[in-house]
Amino acid sequence: MAVDVLLGLQWGDEGKGKIVDYLAPSYQCVARFQGGPNAGHTLVINGKKTVLHTIPSGIFHDDISNLIGNGVVIDPSTLMKEIATLEAIDLEWKSKLLIAQKAHLILPTHKVLDAASEAAKGKAKIGSTLKGIGPTYMDKTGRNGLRIGDVHLSGFKEKYEALKAKHLRLLKQYPDFEFSLEEEEAKWWEGIEGLKSIPVVDSAYYLGGLLAEGKNILAEGAQGSMLDIDFGTYPFVTSSNTTTSSACKGLGIPPSAIGEVIGITKAYCTRVGSGPFPTELFDDTGEELRKVGKEFGATTGRPRRCGWIDIPQLNYAIMINGVTQLVITKIDVMDSFDEVQAGVKYKYNGSSTAQLPFDMEGVEIEIEHQVFKGWKQALNSISNYQDLPGEAKEYLSFLEDTLKTPVKFVSTGPDRKDLIIR
Ligand code: GDP
Ligand code: IMO
Ligand code: MG
């Protein structure tokens, strides 16, 4: 009886969706605890790809409930679009999906505010996915937000109009920003009608009940630890806490219920959007990682920035999350590399250190690298850890030793089946 937490240790897109889908049958419930449609979690099952944005990645399995937790922000129109993609492949979702009544709603005007604020920032923009995430969490903490439970109460339309009017007043700060709401609003209200057919629960009572019955829950993180609002590369972060403690407040479970913390990292590193990325590569190797790794955003299609794995960054993420086991993904992307590197130390302000600076954007960081011999062999068909080439095992052993955390899974391709379990 526990809640295991699975989350990204870098800047997102570590392959969380794939691993949650694989692990889901060991749990009775998969629950998303933060973020919203800024996430894009890719599942490839027997060659067929599905990208989930708000729906938890356990949805492909029978007999498991999938809860969109109270810490998530929901855009009804994108949720309905997501459901339509599941229906198009005849996936039965109705009996498996639940929404927390305290989850907040993204309004069309939240998206407009997101876009207007980003446009006004010019070169200093965050590189937001423009899904309305920041403005929605601002209304949540500002105590102005609308929640899923409100949809079922009388006076919802009036509450909506009052919040929209407030947003329109705020938008006057951006006189040059043009927008039209009509089409978006029509889709949004259609989405609200659709939402009414999805069962709504109080996530604390629902999950508390499951735990009391001795059931196991998998909490699925979105984004990555370095995008955490408190611990990430602020201000180039998202607007929620993406780290382990967020599972408690985003689901209504006590810290004592948390069991394993499964941290995911790519065998290299990527970031999409603006902000510091100390091990970023601007050369052919970076280009090769992007090309072979198909590093283009699952939500926005933007090219992802690529670089070597960053050990100080990962040690920091492991420390703040209390990671108990590691998953290394996309190791196959470097199959043809002559050598693989890892950033092992930062040098800034004249000294060498394994600690991250306060302002990663404001200081010039020099990286000390460790070089490993490439394995020059396709890893995709290998299913036993022992059968991996020596060079790949050497790299993985290095990661395990330097990160002081056991590697439990190694992912060697996008498909559910491309996984080495240790
Ligand atoms: P998430 O947001 O953490 O769920 O990750 P994304 O779905 O945004 O990005 C991960 C991308 O890498 C997707 O296109 C996956 O299909 C793909 N992927 C996941 N694991 C592997 C792997 O081990 N090897 C390769 N080549 N691709 C992978
Ligand atoms: P998953 O769950 C990668 C990034 C955006 C931007 C910053 C703020 O698929 O790993 P926001 O829309 O939240 O205001 O954007 O955070 N970002 C992600 N990057 N993966 C994600 O989710 C992301 N969600 C947000 O690119 O830099
Ligand atoms: Mg993603």
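Visitor: Which residues coordinate the magnesium ion (ligand 3)?

Guide: To read a metal site, look for the atoms that hold the ion. In this predicted model, the magnesium ion (ligand 3) is coordinated by Asp13 through OD and by Gly40 through O, at 2.1 to 2.2 Å. These two residues come from distant parts of the chain, 27 residues apart. Aspartate 13 sits in the loop between β1 (3-8) and α1 (16-23), while glycine 40 belongs to the loop between β2 (29-32) and β3 (41-45).

Visitor: Is glycine 40 buried or exposed?

Guide: Relative accessible area helps here, and buried means under 20%. Glycine 40 has a value of 11%, so glycine 40 is buried. Aspartate 13 reaches 23% and therefore counts as partly exposed.

Visitor: Where does leucine 146 lie, and why does it count as buried?

Guide: Find the elements on either side first. Leucine 146 is in the loop between α4 (133-141) and α5 (148-151). Leucine 146 counts as buried because its relative accessibility is 3%.

Visitor: Which residues is leucine 146 in contact with, leaving aside neighbours within four places in sequence?

Guide: Contacts show what packs around a residue. For leucine 146 they include Ala103, His104, Leu105, Phe156 and Leu163. Take leucine 163: it is 17 residues from leucine 146 in sequence, with 8.3 Å between their C-alpha atoms.

Visitor: What about aspartate 150, in helix α5?

Guide: Try the same two steps. Aspartate 150 has a relative accessible area of 11%, so aspartate 150 is buried. Beyond neighbours within four places in sequence, aspartate 150 is in contact with Gly145, Phe156 and Lys159. Phe156 and Lys159 are also among the contacts of leucine 146.

Methods. Residues are numbered from 1 along each chain as its sequence is written. Chains are lettered from A and ligands numbered from 1 in the order in which they are written. This is a predicted model: local features need pLDDT of at least 70, side-chain atom pairs count only at pLDDT 80 or more; totals for chains, interfaces and linings use all residues. Side-chain values use heavy atoms; hydrogens and water are left out. Helices (H or I, at least four residues) and strands (E, at least two) are DSSP runs, numbered from the N terminus. Buried means under 20% relative accessible area, exposed over 50%, partly exposed in between (1.4 Å probe, protein chains only). Contact means heavy atoms within 4.5 Å. Donors are N, O and S atoms within 2.8 Å of the metal (3.2 Å for Na, K and Ca); water is not among the atoms, so sites may look incomplete.
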